[in-house]
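New to this one? Take a moment to look it over, and then walk through the notes below, which go topic by topic.

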Amino acid sequence: MALSKNRLVVSCPTEEQNLIKELVALSTTEQIRKIRELPVSFEEKKHVRLVEKIFLKICHWSVFPLYLNFIQKCNRDVYLCVLLCCLLLLQLIRRFGYSIKSVSQSLQLWRGIMKEIGGKFGSSVLNYFVLLKWLLLFNIFSFLVNFGFITIPLLVSDLSPNVSPNVSFRGLELLTGAGYFNYTVMYYGSYSNETFRGLVDYDMQLAYFFTISVYMVLCGLVLIFSMASSFKKNYALADAASNSAWQLLCSWDFSITNEKAVNQRKNNLRIQLKESLSEKAHRERQTTSEQLKQYGIYFGSWLLSTGLAVGCGASVFYLCQYEDEVRKSTYCCRNPEAETLLVPFVVSLMNMVIPLFFSLFNKFEQYSSQRKQIYALLFRNVLLRISILGVLCYYWMNTVPQKFTCWEPMVGQALYRLVIVDFIFLMLGSLFGEFLSNVIGTKIQPRLGVPEFDVARNVLEIIYAQTLAWIGIYFSPLLPVIQILKFFILFYLKKVSLTHNCQPPRRSGRAAQMKTIFIFLLFIPFFAGALSIVAYTAWSLTPSEHCGPFRGLNNTFSVIGEWIDDVNKLSSTQWVVWIYQNVIRSEIFYFLITLIILVLIYIFWQLIQGRKELIVLLRKQIVNEGKDKSFLLEKLQNLQKSSEHISIVPRQGMLRGRQSPMRW
């Protein structure tokens, strides 16, 4: 007998399996205590501890019998070495994964700058730069898709652009987008409608249509999921009744690390608490006449702001008509390309000046909360930009196709000019507007102080710029190149201006909820509007007859019908034809989809209502539990007092009994 009885107990597969099962189920402290209590030698205890550690990392109960068979067939030193090698291999793999993750994080765009901005200015300002980076990635993806599936096949088939010998590059095209650029792959008109023959037949019409469609659908899905997750996290799970408690206990921005920013944040929080308490007391003391006066101010401000927005839209429409008359006139200017910059210049000037009047209205309105003030300012700026873009799109979709035989490049040039001039105004606003405000607030009128970084206005500016790119994706497939350069330069420009000229907002709302609002504005008015314009162009408007990939078709969507006719000739692809005829072109299919969506919305709405009622009941139950606890504590205290009183009386009797014999 080489092994002792205790050694055989541990070495037996059944006993060891049971022992390992018991140890794995225990905590670390209990495992150590259990191993110490084993009636074996110290060497055996070390062996059990080592096997248990290795088993936790590399084994599973399903492979445990195989592991025991391996123990029985091999020497202990051999299988321990194998297990240790496996453990080291797993550690190397884990470390390699960590290193890959750290490298990927270090390669993230502007990661260090984002941390610096968040540490000095807080999450509300950081949201602007996060959204700017997000939109930059949208445009990078758009450029890669368009250039890879639309531009490269055309360049491979025809490397030389069809430029007229009388046209040369003069430099003004960088501002106007006309002239030499009109003959390049920048615009819709330069793309062919041919099918390139090679190893694989490449239809430019289908490539153009599906590339634009897939990109817009993917953008919509990303925005929907982002908006839904942000809304669920920041609104659906938030308590609307805990605003004051949130402001007092949970509004501290832990991303701030700069000492000056920390002190400023403390002061701002103190001011916000004082203002919220004073506003609440003022509302309680406000009389009916004062309330009517306040409502009158609200009505007048909204009437003026709506009138300004509508007036700007009407003036842009008449300005476009004036530009057409000047173009037709015999007394045209010497440089007609430069005159095309009039409309984008006026539009960008309106987008910069009119919001200043909206901010002035907010000072007179005196909203009861900062959130209402921000929402009012956002809605007015959105109304202004939507009215201007709506008028421009109406002009492009109805007037331009009637005046030009190749009208899509003309719309692309108009959008190019809007993007370029808007970028110039953004740079001027950052370099001179914020800089001059800082000089006036620190040198001339110190009472004004350092200007704040207006997050809402800056966010709307980049949302408006992205909307122009979404509308122009059909008319100018390479317009995202301009947007990439624009957002890349704008990021560093805003970062420098923020660091040297601005301070964080004194009264900032919940940064996470403001981010949800920004994503919502990016999707509902702007992306939905851009998608509607592109869909209307593809579905209803007749393409140009002499340029573009869809020349000769009744509408852009007709390319799908022609493709289905070609597919119908092949017997192996009849299922595609059936899906197109019975699903995509079927009104019943869309009716059923709409009905299913409405039913699901109603079911989820009922679930939400039920959970709200359950939350109300649980809150009442918590209140009742608190009352029960206070009642039980009161009863317990009374019982303790009575028991103390009862215990005192027998003690006194016992003392008297002990003293009486002594007297006798």
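A residue counts as buried when its relative accessible area is under 20%. By that yardstick, 39% of the 664 residues of the protein chain are buried. Keep in mind that this is a predicted model, so everything here describes a prediction.

**The overall picture**

- The secondary structure of the protein chain adds up to 24 helices and two strands.
- Take the contacts between residues at least 6 apart in sequence: 75% of them join residues at least 24 apart.

**Helix 15**

- Helix 15 runs over residues 342-365, which makes 24 residues.
- From its first C-alpha to its last, helix 15 reaches 35 Å, close to the 34 Å expected at 1.5 Å a residue.
- Plenty of names turn up on its buried list, among them Val343, Pro344, Met350, Ile354, Phe358 and Phe361.
- The buried list of helix 15 also includes Ser348, Asn351, Asn362 and Glu365.
- Right after helix 15 comes glutamine 366, and its phi is positive, near 55°.

**Salt bridges between helices**

- How many salt bridges are there? The count comes to eight.
- One of them pairs glutamate 365 with arginine 380, with the closest N and O atoms 2.3 Å apart.
- That pair links distant parts of the chain, since glutamate 365 sits in helix 15 and arginine 380 in helix 16 (residues 370-398), 15 residues apart.
- Are these two partners buried or exposed? Glutamate 365 has 0% relative accessibility, so it counts as buried, and arginine 380 is buried too, with a relative accessible area of 1%.
- Another salt bridge joins lysine 486 and aspartate 422, whose closest N and O atoms are 2.8 Å apart.
- Lysine 486 belongs to helix 20 (residues 479-501) and aspartate 422 to helix 18 (residues 408-444), so this pair ties together parts that are 64 residues apart in sequence.
- Both lysine 486 and aspartate 422 are buried.

**A salt bridge inside one helix**

- Arginine 457 and glutamate 461 meet through their side chains in a salt bridge, at 3.1 Å from N to O.
- These two are four residues apart in helix 19 (residues 455-472), so about one helical turn separates them.
- As a rule, an α-helix has 3.6 residues a turn, so residues three or four places apart point the same way.
- Arginine 457 counts as partly exposed, because its relative accessibility is 28%.
- Glutamate 461, on the other hand, is buried, with a relative accessible area of 11%.
- There's a third member to meet here: Asp454, Arg457 and Glu461 are linked in a network of salt bridges.

**The cavity**

- Rolling a probe the size of a water molecule over the atoms shows where empty space is left.
- A search of the whole structure turns up one cavity of 30 Å³ or more.
- The largest cavity holds about 30 Å³ of space.
- Which residues line the largest cavity? They are Glu116, Ile117, Lys120, Phe121, Lys495 and Thr499.
- Helix 7 (111-121) and helix 20 each supply at least two residues of that lining.
- Helix 7 provides the largest share of the lining, with four residues.
- Sorted by type, the lining residues of the largest cavity divide into two nonpolar, one polar and three charged.

Notes: Residues numbered from 1 in each chain as written. Predicted model: local features only at pLDDT ≥ 70, side-chain atom pairs only at ≥ 80, totals over all residues. Heavy atoms only, no water. Expected span 1.5 Å × (residues − 1). Buried < 20%, exposed > 50% of the residue type's maximum accessible area, 1.4 Å probe, protein only. Salt bridge = Lys/Arg side-chain N within 4 Å of Asp/Glu carboxyl O. 1 Å grid on protein atoms, 1.4 Å probe; cavity = no way out; pocket = protein on both sides within 12 Å on 5 of 7 lines; lining within 4 Å. Points joined across faces, edges and corners; volume = space filled by probe spheres on them. Nonpolar A, V, L, I, M, F, W, Y, C, P; charged D, E, K, R; others polar. Contact = heavy atoms within 4.5 Å.
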